[in-house]
Amino acid sequence: MIRRARLLAVVTTLAVGALGVISSTQTWLVAVLDDGAQHELAVTGSAAVPVLTPLSLAVLALGAALSIVGLVLRYVFGVLTVLIAALLAFLSAQVAFTVPLTAVASTVTAATGIIGAEAIEDLVASVRVTPWPAVTFALSVLLLAVGAFIIATARSWSRTGRRFESDAADPAHPVAGPAASGPVDAIDSWDDLSRGADPTADPTADPTSGAR
């Protein structure tokens, strides 16, 4: 499990970020207007929670960067993940469980031209909640757990981050040995192949033995 910690954190973070972007385009609320015709207005996630899309994109960026960063940035990104998850959980829970009028105000104003909290409250007869706010809340809780997992396991992650640090320090003479040691996962193997190295080769073998 520890050997796959980085891969698990990256994949889960990317999945939550992608689902967050999808959720922002879905209908979260349906506002019924008391205008004589009982018109219904669909309120998307991005309208109900304006920061949902940018925060979800930030989560995607964090997930992608986690695959290569070193130890210090793992902790930084873990903390950022926890903070973003907590904010998303708070905002989505408000919509899912309290249905504030402010969540539909921008959509009602765009459709009717009416502004002001009291005027909008008089116009909106009822608001129905779809499952998407609750789904997003659940995703936020999962992301919060992932952030805590990143912080708890960052030091045990496999060697990609340390190898990138060594290469960046001296591109002409990448360091072998302790900096390149450690458990290898699927991301490491892909990086080795892209560099022309055989990830299945024995690092202790004599490279000249095959030429004799």
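The following questions and answers examine how terms are assigned in this predicted model.

Q: What makes up the secondary structure of the protein chain, and in what pattern does it follow the sequence?
A: The protein chain holds nine helices and three strands. Read along the sequence, these elements give the pattern α-β-β-α-α-α-α-α-β-α-α-α.

Q: What makes the three strands an open sheet, and which strands stand at the edges?
A: The strands are arranged in the order 2-1-3, with antiparallel pairing. Strand 2 (40-44) and strand 3 (124-129) each have a single partner strand, so one side of each lacks a neighbour in the sheet, and these two stand at the edges. Neighbouring strands are turned by 25° against each other on average, with direction ignored.

Q: How do you know that strand 1 pairs with strand 2?
A: Two strands pair if at least two bridges are found between them. Five bridges join strand 1 (residues 27-33) to strand 2, and the two run antiparallel; the criterion is therefore met. Within this pairing, Leu29 stands opposite Val43, and Thr27 stands opposite Thr44.

Q: How do you know that strand 1 pairs with strand 3?
A: Here too, the requirement is at least two bridges. Five bridges join strand 1 to strand 3, again in an antiparallel run, so the two strands count as paired. Val32 stands opposite Ser126 of strand 3.

Q: Why is strand 1 described as largely enclosed by the rest of the structure?
A: A residue is buried when its relative accessible area is under 20%. Six of the seven residues of strand 1 are buried, so the strand is largely enclosed by the rest of the structure. For the protein chain of 212 residues, the buried share is 37%.

Q: What makes the side chains of strand 2 alternate?
A: Leu41 and Val43 point to one face and are buried. Glu40, Ala42 and Thr44 point to the other face and are not buried.

Q: Why is the contact between Arg128 and Glu40 called a salt bridge?
A: The term requires a side-chain nitrogen of Lys or Arg within 4 Å of a carboxyl oxygen of Asp or Glu. The closest N and O atoms of Arg128 and Glu40 are 3.2 Å apart, so the pair qualifies. This pair links distant parts of the chain, with Arg128 in strand 3 and Glu40 in strand 2, 88 residues apart. By this rule the count comes to one salt bridge.

Q: Why is Arg128 classed as partly exposed?
A: Partly exposed residues lie between the buried limit, under 20%, and the exposed limit, over 50%. Arg128 has a relative accessible area of 42%, and is therefore partly exposed.

Q: What makes Val72, Leu73, Val76, Val79, Leu80, Leu83 and Ile151 a nonpolar patch?
A: Membership requires over 30% relative accessible area and no salt bridge, with nonpolar side chains joined within 5 Å. These residues form such a patch on the surface, with about 570 Å² of accessible area together. Helix 4 (residues 71-98) gives the most to the patch, with six residues. Ile151 lies in helix 7 (residues 132-153). At 31% relative accessibility, Ile151 is partly exposed, and this value satisfies the requirement of over 30%.

Q: How do you know that Ala148 is partly exposed, and what separates Ala148 from Val79?
A: Ala148 has a relative accessible area of 43%, and therefore counts as partly exposed. This residue lies in helix 7. Its C-alpha atom is separated by 7.8 Å from that of Val79, although the two are 69 residues apart along the chain.

Q: What makes the phi of Val99 notable?
A: Most residues other than glycine have a negative phi. The phi of Val99 is near 50°, a positive value in a residue other than glycine. Val99 is placed in the loop between helix 4 and helix 5 (102-112). With a relative accessible area of 25%, Val99 is partly exposed.

Q: What share of the contacts in the protein chain with a separation of 6 or more comes from residues 24 or more positions apart?
A: Such residues account for 73% of those contacts.

Technical notes: Residues are numbered from 1 along each chain as its sequence is written. This is a predicted model: local features need pLDDT of at least 70, side-chain atom pairs count only at pLDDT 80 or more; totals for chains, interfaces and linings use all residues. Side-chain values use heavy atoms; hydrogens and water are left out. Patches are made of residues with over 30% relative accessible area and no salt bridge: like charges are joined within 9 Å, nonpolar side chains (Val, Leu, Ile, Met, Phe, Trp, Tyr) within 5 Å. Accessible areas come from the Shrake-Rupley method with a 1.4 Å probe; for residues, only the protein chains shown count as cover. Helices (H or I, at least four residues) and strands (E, at least two) are DSSP runs, numbered from the N terminus. Buried means under 20% relative accessible area, exposed over 50%, partly exposed in between (1.4 Å probe, protein chains only). Contact means heavy atoms within 4.5 Å. Axes are lines fitted to C-alpha atoms, for helices over the stretch in contact, and angles run from 0 to 180 degrees between N-to-C directions.
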